[in-house]
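Student: I should like to understand how the descriptive terms for this model are justified. Could we set each value against its criterion?

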Amino acid sequence: MMFRSVFLVLVGAVVVGAQFPRECVTPDGLRSLQCCPSPPGLDDDPCGSSSGRGQCVAVVVDARPHGPQYPHDGRDDRERWPLRYFNRACQCNGNFSGYNCGRCKHGWTGPNCDQRVNIVRRNVMQLSADEKRAFVNALDQAKRTVHPDLVIATRRYEEIFGPDGNTVQFENITIYNYFVWSHYFSVSKTFLGAGQASFGGVDFSHEGPGFVTWHRFHLLQLERDMQDMLQDPSFALPYWNFAIGGSTCDICTDDLMGARSSFDINALSPNSIFSQWGVICESVEDYDTLGTICNSTETTPIRRNPAGNVNRPMVQRLPEPQDVADCLQVGTFDTPPYYSTSSESFRNTVEGYSAPQGNYDPVVRSLHNLAHLFLNGTGGQTHLSPNDPIFVLLHTYTDAIFDEWLRRHGSESPVYPEENAPIGHNRGYNMVPFWPPVTNAEMFVTAPENLGYSYEAEWPSQAFTTTEIITMAIVVALMVVGVIFAATTCAVRARSSKMEGHQPLLGDQYQRYDDNKSQSVV
């Protein structure tokens, strides 16, 4: 029986592509299962071990049970990530980081990574005209610049060495398209074999506790890649405050993310640089039926029609400021079953499967989900959404809400589930498909103190409850009574004093005081 189980795992394991450092995906590197390159300038020194930067160690993976949503254990290469591809990687010391320990952790800089650095993410609507132009141009440059380190697989693992067994099937991809591809990879279905329907009930970056931590690292990686591309360590991704209510997309202008075309309500204005962008990872039917993998081929233009979904009136308006205030009041990070059906869960609320007050409602779409659906196009489809660059701004604001929640409620480990979350979402799971391995726990921290960035944001105040209003009214009434009592006491004493030595003036003075004295009635 044991042999039969092992045999099924070996021949039945169905895989999807992955991304890794270019220097690790040689035939020998893949067969060795080891990816421990030397840092720049240090030849034949894996992970910079001789200089104390790091060491090559066995990869630690999460072995705790996952939830029942995924019933196909052993059929997807993203399980126990990244052991299908590599089981040894660099473990960096101190503030060093990177796949070769050749750079600094987020929030640190300098030759020895011992100098603090902090950047500030700002509201994109508050940027100057020059700052907006620079941001848009930087995104476009990232769309056209080949990633300097990473490549993506173009075949499943069983075909990764090519027809001759020695030609690895990886290709280059641009910085921004890698950002899109990694999101697609995390949500793609589990291919179960030719002639079988792929399993879609798996998602390594949504519908679970890892939603906020996965997207946080996703943004950090893009931000770091763009800093390197621009050679500007101060570059920061801005955010879009989508909780403004109404049916107007305030960032959908040609100086920012692209206005609506005058010729096609579902297209971007030709005056926007983003109208020239092509979408990747669009051939979902082929991926699911043939077991093929999204590559870097660009196809159709971005589609967007904000507030244009007439069949779903509830998604024709953006979230309200009060929705954010209510969400921040939900005190528990996540609740069983740690899924899109969780109630009284901050994570499920900010993701948008619960009402802003935290109660689960299968009909409701709020906050993050509502903002995506409001865009009504490329940005409203999970596997395609990062193709629309609004995705970046939408998720930086979602991350800002998450960071504010951590600041208010704390980030102690007991609040993040260790086990029984959907696959990929346990606290210790290595987030798919990032390399080097990074766990959900590493991103479950306040950003200013631990990740080197903060948000310049003002948060909507929470409306008073009926109980709070009654309590405040009682306090005010008691204060008024106290003032009346003090004033009456003073008046009586003054009257006694005046009666003793100033009798001729008493009648006139007392009358005016009495005319104004209505406190007892109040």
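Tutor: We may begin with a pair of strands in this predicted model. Strand β10 (residues 146-153) pairs with β11 in the antiparallel sense, over four bridges.

Student: What makes β10 and β11 count as paired strands?

Tutor: The criterion is at least two bridges between the strands. β10 and β11 share four bridges, so they satisfy it. One example is I152, whose bridge partner in β11 is E171.

Student: To which sheet do β10 and β11 belong, and in what order do its strands lie?

Tutor: They belong to an open sheet of three strands, ordered β1-β10-β11, with antiparallel pairing. Its edge strands are β1 (19-21) and β11 (170-174), each of which pairs on one side only. On average, neighbouring strands in this sheet are turned by 45 degrees against each other, direction being ignored.

Student: What is the strand order in the sheet that contains β4, and what kind of pairing does it have?

Tutor: That open sheet has three strands in the order β2-β4-β3, and its pairing is mixed.

Student: Why are β2 and β3 called edge strands?

Tutor: β2 (34-35) and β3 (54-58) each have a single partner strand, so one side of each has no neighbour in the sheet.

Student: How do you know that β3 and β4 pair?

Tutor: Five bridges join β3 to β4 (residues 88-92), and the two run antiparallel. The threshold is at least two bridges, so the pairing is established. Among the bridged residues, G54 has C92 in β4 as its partner.

Student: Turning to helices, why is α7 described as oblique to α10?

Tutor: The axes of α7 (residues 321-328) and α10 (residues 390-409) come within 10 Å and cross at roughly 40 degrees. That makes α7 oblique to α10, because angles under 35 degrees would count as roughly parallel and roughly perpendicular covers 65 to 115. The crossing of α7 and α10 is right-handed.

Student: Which residues of α7 and α10 meet, and how do they divide by character?

Tutor: From α7, V324, C327 and L328 meet Y397, I401, E404, W405, R408 and H409 of α10. The residues of this contact comprise six nonpolar, one polar and two charged.

Student: What makes the backbone at D44 and N420 noteworthy?

Tutor: Most residues other than glycine have a negative phi. D44, which is not glycine, has a positive phi near 50 degrees, and N420, likewise not glycine, has a positive phi near 70 degrees. D44 is located in the loop between β2 and β3, while N420 is in the loop between α10 and α11.

Student: Why is D44 called exposed, and why does N420 count as partly exposed?

Tutor: Exposed requires over 50% relative accessibility; D44 has 76% and therefore counts as exposed. Partly exposed lies between the buried limit, under 20%, and the exposed limit, over 50%; N420 has 37% and therefore counts as partly exposed.

Student: Which peptide bonds are cis, and what are their omega values?

Tutor: Most peptide bonds are trans. The bond joining P336 and P337 is cis, with omega about 5 degrees, and P337 lies in the loop between α7 and α8 (346-351). The bond from W435 to P436 is cis, with omega near 0 degrees. P436 is placed in the loop between α10 and α11 (440-443).

How values were computed: Residues are numbered from 1 along each chain as its sequence is written. This is a predicted model: local features need pLDDT of at least 70, side-chain atom pairs count only at pLDDT 80 or more; totals for chains, interfaces and linings use all residues. Side-chain values use heavy atoms; hydrogens and water are left out. Axes are lines fitted to C-alpha atoms, for helices over the stretch in contact, and angles run from 0 to 180 degrees between N-to-C directions. Angles under 35 degrees count as roughly parallel, over 145 as roughly antiparallel, 65 to 115 as roughly perpendicular and the rest as oblique. A crossing is left-handed if the near helix is turned anticlockwise from the far one by less than a right angle, and right-handed if clockwise. Contact means heavy atoms within 4.5 Å. Ala, Val, Leu, Ile, Met, Phe, Trp, Tyr, Cys and Pro count as nonpolar, Asp, Glu, Lys and Arg as charged, and the others, Gly among them, as polar. Buried means under 20% relative accessible area, exposed over 50%, partly exposed in between (1.4 Å probe, protein chains only).
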